[in-house]
Amino acid sequence: MAKFDVSEFYRQRPVIQLAPLVDIAFWALMFFMIIAVFNQMEVQVNLTLPKSKTAVQSAQSAGKIVINITKEGRFIVNQKVYTSNTLAVMLAKVSKLFPNQQVIIRADELTFHKYVIQALDACGHSNLSDISFSTLSEENK
């Protein structure tokens, strides 16, 4: 049987495999594209948030539910419009799967108080207690 003799030059030369490097670059690109889409979903709802002097950035979990409430009283979650009843049903389903689910309520500054209370009632009936309100600090005018 013939032996393949490799010269000393090729034995010591480092080899960089390009195929795995391209795969890693592709997956990293896909990951950041997906994250960018999810971050923009809630920003696309055109709301004017109220301003607060004591607004504090809170720690947010990755799977948070953001309830957007327009000034007309529409509840929007993940770009789907809900009524107060369907919102309560959806939150009850989520609560069964994820009991400690974080909920953020983003209400327009001109939203009637009754719509915010309806969202809070839906969270309360679903036993969701980690609720935050989204505001802007006054320096972000």
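These are my notebook entries on what I looked up in this structure, which is a predicted model.

**Entry 1: the overall layout**

I began with the secondary structure. I found 4 helices and 7 strands in the protein. Going along the sequence, I wrote down the order α-α-β-β-β-β-α-β-α-β-β. Next I looked up burial: 29% of the 141 residues count as buried.

**Entry 2: helix 3**

Helix 3 covers residues 84–97, which makes 14 residues. I checked its length from the first C-alpha to the last and got 20 Å, close to the 20 Å expected at 1.5 Å a residue.

Which residues of helix 3 are buried? My list has Leu87, Met90, Leu91, Val94 and Ser95. These buried residues sit on the same side of helix 3, because they cover an arc of only 140° around the axis. A general rule helped me here: an α-helix has 3.6 residues a turn, so residues three or four places apart point the same way. Then I turned to the other side of helix 3, where I found Asn85, Lys93 and Lys96 exposed.

I picked out Val94 for a second look. Its relative accessibility is 17%, and buried means under 20%, so Val94 counts as buried. I also noted a partner from elsewhere in the chain: Leu128 is 34 residues away from Val94 in sequence, yet their C-alpha atoms are 9.3 Å apart in space.

**Entry 3: helix 4**

I repeated the steps for helix 4, residues 113–125. Its 13 residues should span 18 Å at 1.5 Å a residue, and the end C-alpha atoms are indeed 18 Å apart.

The buried residues I found in helix 4 are Tyr115, Val116, Ala119, Ala122 and Cys123. Looking down the axis of helix 4, I saw that its buried residues fall within an arc of 120°, so they line one face of the helix. The face turned away from that buried side carries the exposed residues His113 and His125.

Just before helix 4 I stopped at Leu110, which lies in the loop that links strand 5 (102–107) to helix 4. Leu110 counts as exposed, at 55% relative accessibility. I also looked up Leu110 with Ile69: they are 41 residues apart in sequence and 10.0 Å apart in space, C-alpha to C-alpha.

**Entry 4: aromatic pairs**

How many aromatic pairs does a search of the whole structure find? I counted 3 aromatic pairs. One of them joins Phe26 and Trp27: the ring centres are 5.7 Å apart and the planes are at 70°, so this pair is edge-to-face. Phe26 is partly exposed, with a relative accessible area of 45%, while Trp27 is exposed at 59%.

Another pair joins Phe112 and Tyr115, with ring centres 6.4 Å apart and planes at 50°, so I wrote it down as tilted. I liked the contrast in cover here. Phe112 counts as exposed at 55% relative accessibility, whereas Tyr115 counts as buried at 16%. Tyr115 was already in my notes as a buried residue of helix 4.

**Entry 5: positive phi angles**

Next I looked at backbone angles. I reminded myself that most residues other than glycine have a negative phi. Gln79 has a positive phi of about 65°, although it is not a glycine. I located Gln79 in the loop between strand 3 (75–77) and strand 4 (80–82). At 45% relative accessibility, Gln79 counts as partly exposed.

Asn127 is another case, with a positive phi near 60° in a residue other than glycine. Where is Asn127 found? I found it in the loop between helix 4 and strand 6 (130–133). Asn127 is exposed, with a relative accessible area of 62%.

**Entry 6: a nonpolar patch on the surface**

My last search was for nonpolar residues at the surface. Ile16, Leu18 and Leu21 make a nonpolar patch of about 350 Å² there. I took Leu18 as my example and placed it in helix 2, residues 18–43. Is Leu18 buried or exposed? Its relative accessibility is 56%, and exposed means over 50%, so Leu18 counts as exposed.

Methods:
Residues numbered from 1 in each chain as written. Predicted model: local features only at pLDDT ≥ 70, side-chain atom pairs only at ≥ 80, totals over all residues. Heavy atoms only, no water. Patch = residues over 30% accessible without salt bridge, like charges linked within 9 Å, V, L, I, M, F, W, Y side chains within 5 Å. Areas by Shrake-Rupley, 256 points an atom, 1.4 Å probe, with all protein chains shown as cover. Salt bridge = Lys/Arg side-chain N within 4 Å of Asp/Glu carboxyl O. Helix = DSSP H or I, 4+ residues; strand = E, 2+ residues; numbered from the N terminus. Buried < 20%, exposed > 50% of the residue type's maximum accessible area, 1.4 Å probe, protein only. Phe/Tyr/Trp six-rings, centres within 6.5 Å; stacked < 30°, edge-to-face > 60°. Expected span 1.5 Å × (residues − 1). Arc of directions from axis to C-beta.
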